Amino acid sequence: MTAPENEIFDNPTPWVADHIRAYLDTGGVEGHLYQGWPTLLLTTRGRRTGKLRRTALIYGRDQDRYLLVASNGGADRHPAWYLNLTDTPTVSLQVGSDHFTATARTATAEEKPRLWQIMTELFSQYAKYQEESARELPLVILTPQVPPG
């Protein structure tokens with residue numbers, strides 16, 4: 001038996017799954033701020049399975065756009081969520097109690113320095129991850145298709 005097309009599979013890492021559950025159970029009251037950092041729930045379509053995949057990520061803002069760093073903790077491979085959204089750029093977000101669809105794209109070389117500064121001021125560990133990684137950490141821009149609220 002296959003899973004329904006709209007069934008969402010949460011990140012299986014225990015602490016991330018706990019974070020997602022608290023976020024969902026409280027409508028974003030708990031979980032939106034995680035250890036002091038703003039977080040959102042990102043749902044992507046799996047590039048190989050076609051399943052919906054949800055994870056929690058630290059985000060920044062650039063006017064009405066949301067910013068993510070595909071750091072994968074500085075690992076030498078991109079996180080699955082990033083590979084998924086490069087294949088299918090229409091994603092679902094929950095930011096606090098707001099739910100909406102957004103279009104994802106990787107920041108261009110011209111855009112990245114200013115946006116990277118926003119993200120490293122928010123979460124300085126990203127700079128360390130970049131120093132230690134053999135790959136360029138992508139910075140993702142999420143543009144809401146309809147403004148949240």
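**Notebook: pocket lining and aromatic rings**

I sorted the lining of the largest pocket by class and got 17 nonpolar, 14 polar and six charged residues. The model I am working from is a predicted one.

Next I looked up the volume, and the largest pocket holds about 980 Å³ of space. I found 37 residues lining it, and those closest to its centre are Asn-11, Thr-55, Leu-57, Pro-79 and Trp-81.

Which element gives the largest share of the lining? I noted β4, with six residues. Other elements that supply at least two lining residues each include the strands β1 (8-10) and β3 (37-45) and the helices α1 (14-25) and α4 (125-132).

I then turned to the rings. I have eight aromatic pairs on my list for the structure. In one of them, Tyr-66 and Phe-100, the ring centres are 5.5 Å apart. Why does this pair count as tilted? The planes stand at 40 degrees, and I call the pair tilted because that angle is neither under 30 nor over 60 degrees. Tyr-66 belongs to strand β6 and Phe-100 to strand β8 (residues 98-106), so the pair links parts of the chain 34 residues apart. I checked whether they are buried or exposed, and both Tyr-66 and Phe-100 are buried.

Phe-123 and Tyr-126 make an edge-to-face pair, with 4.8 Å from centre to centre and 65 degrees between the planes. I marked both Phe-123 and Tyr-126 as buried. They share one aromatic cluster with Trp-37 and Tyr-129.

Last, I looked for charges over rings. The charged end of Lys-51 sits over the ring of Phe-9, at 4.8 Å from the ring's centre. Lys-112 lies over the face of Trp-116, and I noted 5.0 Å to the ring centre.

Notes: Residues numbered from 1 in each chain as written. Predicted model: local features only at pLDDT ≥ 70, side-chain atom pairs only at ≥ 80, totals over all residues. Heavy atoms only, no water. 1 Å grid on protein atoms, 1.4 Å probe; cavity = no way out; pocket = protein on both sides within 12 Å on 5 of 7 lines; lining within 4 Å. Points joined across faces, edges and corners; volume = space filled by probe spheres on them. Helix = DSSP H or I, 4+ residues; strand = E, 2+ residues; numbered from the N terminus. Nonpolar A, V, L, I, M, F, W, Y, C, P; charged D, E, K, R; others polar. Phe/Tyr/Trp six-rings, centres within 6.5 Å; stacked < 30°, edge-to-face > 60°. Buried < 20%, exposed > 50% of the residue type's maximum accessible area, 1.4 Å probe, protein only. Lys NZ or Arg CZ within 6 Å of the ring centre and 35° of its normal.
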